[in-house]
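Student: Could we go through this structure together, beginning with the ligand and then turning to the sheet?

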Amino acid sequence: MIACMTKPVRARSFDAIAAAYDAHRPTYPPALFDAVEDLAGRSLAGARVADVGAGTGLGTARLYERGARITAVEPGDGMAGQFRRSLPDVSLVRGDGNGLPLRTGSMDLITYAQSWHWTDPARSVPEVRRVLRPGGALALWWNDSDRTVEWLVDQEDRTRVFLGVEIPAVPSHRARFRAQLPDGLDFRTRQVAWSRRVPIDAHIANMATHSDFLIGDPVEVRDYFDRERALLTALFPDGEVEEAYVVSLAVAHP
Ligand SMILES: C[S@@+](CC[C@H](N)C(=O)[O-])C[C@H]1O[C@@H](n2cnc3c(N)ncnc32)[C@H](O)[C@@H]1O
């Protein structure tokens, strides 16, 4: 199956499955937020934070728990609806990173949890510069499967074959991560490794929330997941897998 769709269609693909996204995607580990505070040079407690591309609020909730004064920004109807059900007390405005619905100089920190790549940096970087107060920070992060773990590498390779995507010429996390960062900003970076143990069905449900599968042929995708479930059940007879992740974080003071 070749997944070829325009970026805006892919970017909206989460809206139809927002409840499943909220239930099955992993959240982020406490060490990530320690690293954000360290690289941003300030505590999250009391900070005015815009969490852009907030989705259903998986990252927003962790920022909120740390005492950040959050304004979440989300363009998608389905994701925004789920956000309001999950975090009714947190402020959410509709909009996207290419035209932030926020006042000039109003934020200490802008965060993008797995959402920066959906923006057009020619527009989103100037918007970050406009909305941050002088000395404010931009934090971008992505949570990827740990490519040192054999069963996850094997699964990613099978997924690439299914999707008709070539094995990347730059296979390391670090190289792929750096390729997503916008030019012209001076980023400091960290990698945070962590894991969670989940039933195989929950792992498959998590995979199914990724845009590559959301835009695919539903019958082919279901067959692919049936094959994955059988393979994993043979590999892990106790019915659980350890999902191992590396969060790659980049922080700049634009
Ligand atoms: C992979 S989800 C990440 C959601 C959430 N931040 C999290 O960590 O779970 C990507 C989110 O980016 C949003 N998005 C799509 N286009 C965007 C844009 N141009 N600017 C900001 N966010 C965008 C999508 O609607 C979606 O909610």
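**Reading the ligand site and the sheet**

Tutor: Around the ligand there are 22 residues, and the closest are Tyr21, Tyr28, Gly53, Glu74 and Ala113; a residue counts as near a molecule or strand if one of its heavy atoms lies within 4 Å of it. This is a predicted model, in which local features need pLDDT of at least 70 and side-chain atom pairs count only at pLDDT 80 or more, while totals for chains, interfaces and linings use all residues. Residues are numbered from 1 along each chain as its sequence is written, and side-chain values use heavy atoms, with hydrogens and water left out.

Student: How do the residues of the shell around the ligand divide into nonpolar, polar and charged?

Tutor: Ala, Val, Leu, Ile, Met, Phe, Trp, Tyr, Cys and Pro count as nonpolar, Asp, Glu, Lys and Arg as charged, and the others, Gly among them, as polar. Here the shell comprises 11 nonpolar, 7 polar and 4 charged residues.

Student: Which polar backbone atom is 2.7 Å from a nitrogen atom of the ligand?

Tutor: A polar contact with the ligand is a pair of N or O atoms within 3.5 Å. The atom you ask about belongs to glycine 53, while a polar backbone atom of glycine 97 is 3.0 Å from a ligand nitrogen, and a backbone N or O atom of tryptophan 118 lies 3.4 Å from a nitrogen atom of the ligand. The protein covers 97% of the 590 Å² of accessible area that the ligand has on its own, by the Shrake-Rupley method with a 1.4 Å probe.

Student: In what order do the strands of the open sheet lie?

Tutor: Strands of a sheet pair through backbone hydrogen bonds, either parallel or antiparallel. Strands are DSSP runs (E, at least two residues), numbered from the N terminus, and two of them pair if DSSP finds at least two bridges between them. In this model 7 strands follow the order E3-E2-E1-E4-E5-E7-E6, with mixed pairing; the edge strands, each pairing on one side only, are E3 (91-94) and E6 (188-199).

Student: How many bridges join E5 to E7?

Tutor: Strand E5 (residues 132-145) and strand E7 (residues 240-252) run antiparallel and are joined by 8 bridges.

Technical notes: A polar contact is a pair of N or O atoms within 3.5 Å; within protein, one must be able to donate a hydrogen and the other to accept it, and residues adjacent in sequence count only if both atoms are side-chain atoms. Helices (H or I, at least four residues) and strands (E, at least two) are DSSP runs, numbered from the N terminus.
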